[in-house]
Amino acid sequence: MDLILAPTPLHPAPRLSRELGVPLLLKRDDLAGTGLGGNKLRGLEFLIADALAQGCDSLVTGAGPQSNWTMLAALACLRHGLEPHVVCYGSGGREPQGNMRLHRWLGVDVRFTGVAERSSVDAGIEAVTAELRAAGRRPYPVPRGGATPLGALGYVRASVELAAQLAQLDEPPAGLWLATGSCGTQAGLVAGAALTAAAYQVVGVTVSRPVAECADRVRELAAAAAALAGIGADLPRPDVRGGWIGPGYGVPSAAGQAAARLVAETEGVFLDPVFGAKAMAALIAECRAGRVRGPHVFLVSGGAPTLFSGGNA
Ligand SMILES: Cc1ncc(COP(=O)(O)O)c(C=O)c1O
């Protein structure tokens, strides 16, 4: 599937590096080439291909009303002739902004579960899938965030892309930092680092789940993705950092907003408030505390629509 204009750029961030005293590079998956970019496109390349190979005519998934995942899934579906159906937690009462505005503009079928619990989406996906089947359709259900072993292959492939870019550098990076939510991206990168015998440690900064839950999910998804990709190497224990969620998932944090402003002012790059800003805050704190050395890569994972969402998940 052709959702990514690969390779996405990898470039040094010289002014930010000078400010922090640590050489940093940005891997720009916000410039992926479909919609406003984003990490979720990489998993979607595999999931949409699978849906089409299975002869499906529609796709059902879900998350929160400001989900980058559901917006990109819907966009990718429309482009490839699948009918998207989206289930959101909450009630969706207010004027649509950010990603919800894009769902509406695209004319996507969006159903609200009516309750605030994120897990209510899971039953909603099942219900809409059953409804479509009963109507004689062939739906392809995908769990929240697209965090499946198949979806995680997107970042196994991205690791191969990154390895070719890193081979051009004088010094290999010590770390690859990213924001972690549903854990599929970090899982793919962990499996991909093993496949490419990468010198870097993959460091995920959780923006929603507790650290232990996140590490378990990354480990399970990475092992399953590695099995799918035929990667035999042992996988390291996932490195998940906590303490950066701030007031809550989807709500901007003071540290995240300060980090995002620094990146905008020094490099002209916008980090989204829900994911990238909080992960960068963690990396900046490590740099300022003198705990990291050597080049580090930061994955700019997209999320531009939530810059205009009023901050709600
Ligand atoms: C912009 C952005 N960055 C990072 C992530 C985290 O990715 P994952 O859910 O695979 O952990 C997401 C997830 O929605 C996202 O939208």
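## Around the ligand

A polar contact here is a pair of N or O atoms within 3.5 Å. With that in hand, let's look at the ligand in this predicted model. A backbone N or O atom of Gly181 sits 2.7 Å from one of the ligand's oxygen atoms. Ser182 joins in with its side chain, where an N or O atom is 2.6 Å from an oxygen atom of the ligand. Then comes Cys183, which uses a polar backbone atom, 2.9 Å from a ligand oxygen. The ligand is well wrapped: on its own it has 390 Å² of accessible area, and the protein covers 96% of that.

Stepping back to the whole shell, 14 residues surround the ligand, and those that come nearest are Lys40, Gly181, Ser182, Thr185 and Ser301. By type, the shell splits into ten polar residues, three nonpolar ones and one charged one. As for the space the ligand takes up, that is the largest cavity. Which elements give two or more residues to the shell? They are strand 7, residues 175–180, and helix 7, residues 184–195.

## Cys183, a contact with an odd backbone

Cys183 deserves a second look. It lies in the loop between strand 7 and helix 7, and those two elements each give two or more residues to the ligand shell. Its phi is positive, about 85 degrees, even though Cys183 is not a glycine. For context, most residues other than glycine have a negative phi.

Is Cys183 buried or exposed? Its relative accessible area is 3%, under the 20% cut-off, so Cys183 counts as buried. So this is a buried loop residue whose backbone also offers a polar atom 2.9 Å from a ligand oxygen.

## Two more backbone oddities

Ala197 also has a positive phi without being a glycine, this time about 50 degrees. You'll find Ala197 at the other end of helix 7, in the loop between that helix and strand 8 (201–206). With a relative accessibility of 67%, over the 50% cut-off, Ala197 counts as exposed.

The other thing to check is at the start of the chain. Going from Ala6 to Pro7, the peptide bond is cis, with omega near -5 degrees. Most peptide bonds are trans. Pro7 itself belongs to the segment before strand 1, which covers residues 10–12.

## Buried polar side chains

Asp29 sits in the loop that runs between strand 2 (24–28) and helix 2 (40–53). How accessible is Asp29? A relative accessible area of 2% makes it buried. Its side chain has a partner, though: a polar contact of 2.6 Å links it to the side chain of Thr8.

Ser309 makes a similar kind of entry. It's in the segment after strand 10 (296–300), and at 1% relative accessibility it counts as buried. Here the side chain goes to backbone, reaching the backbone oxygen of Thr306 at 3.1 Å.

## Helix 5: two neighbours in sequence

Helix 5 spans residues 120–134 and includes Val128; Ala127 is in helix 5 too. What sets their exposure classes? Val128 has a relative accessible area of 5%, so it falls under the 20% limit and is buried. Ala127 comes out at 45%, so it lands between the 20% and 50% limits and counts as partly exposed.

For a feel of the surroundings, try two C-alpha distances. Val128 and Pro139 are eleven residues apart along the chain, with 9.0 Å between their C-alpha atoms. Ala127 and Val87 are 40 residues apart in sequence, and their C-alpha atoms are 9.7 Å apart in space.

## Helices 8 and 9

Ala212 is in helix 8, residues 211–229. It counts as exposed, because its relative accessibility is 54% and the class begins over 50%. Between the C-alpha atoms of Ala212 and Ser67, 145 residues apart along the chain, there are 23 Å.

Gly256 is part of helix 9, which covers residues 254–267. How buried is Gly256? Its relative accessible area is 0%. Its C-alpha atom is 40 Å from that of Cys56, a residue 200 positions away along the chain.

Methods
Residues are numbered from 1 along each chain as its sequence is written. This is a predicted model: local features need pLDDT of at least 70, side-chain atom pairs count only at pLDDT 80 or more; totals for chains, interfaces and linings use all residues. Side-chain values use heavy atoms; hydrogens and water are left out. A residue is near a molecule or strand if one of its heavy atoms lies within 4 Å of it. A polar contact is a pair of N or O atoms within 3.5 Å; within protein, one must be able to donate a hydrogen and the other to accept it, and residues adjacent in sequence count only if both atoms are side-chain atoms. Accessible areas come from the Shrake-Rupley method with a 1.4 Å probe; for residues, only the protein chains shown count as cover. On a 1 Å grid over the protein atoms alone, a cavity is a set of points where a 1.4 Å probe fits but cannot get out, and a pocket is an open set with protein on both sides within 12 Å along at least five of seven lines; lining residues have an atom within 4 Å of a point. A molecule sits in a cavity or pocket if more than half of its atoms lie within 2 Å of its grid points. Helices (H or I, at least four residues) and strands (E, at least two) are DSSP runs, numbered from the N terminus. Ala, Val, Leu, Ile, Met, Phe, Trp, Tyr, Cys and Pro count as nonpolar, Asp, Glu, Lys and Arg as charged, and the others, Gly among them, as polar. Buried means under 20% relative accessible area, exposed over 50%, partly exposed in between (1.4 Å probe, protein chains only).
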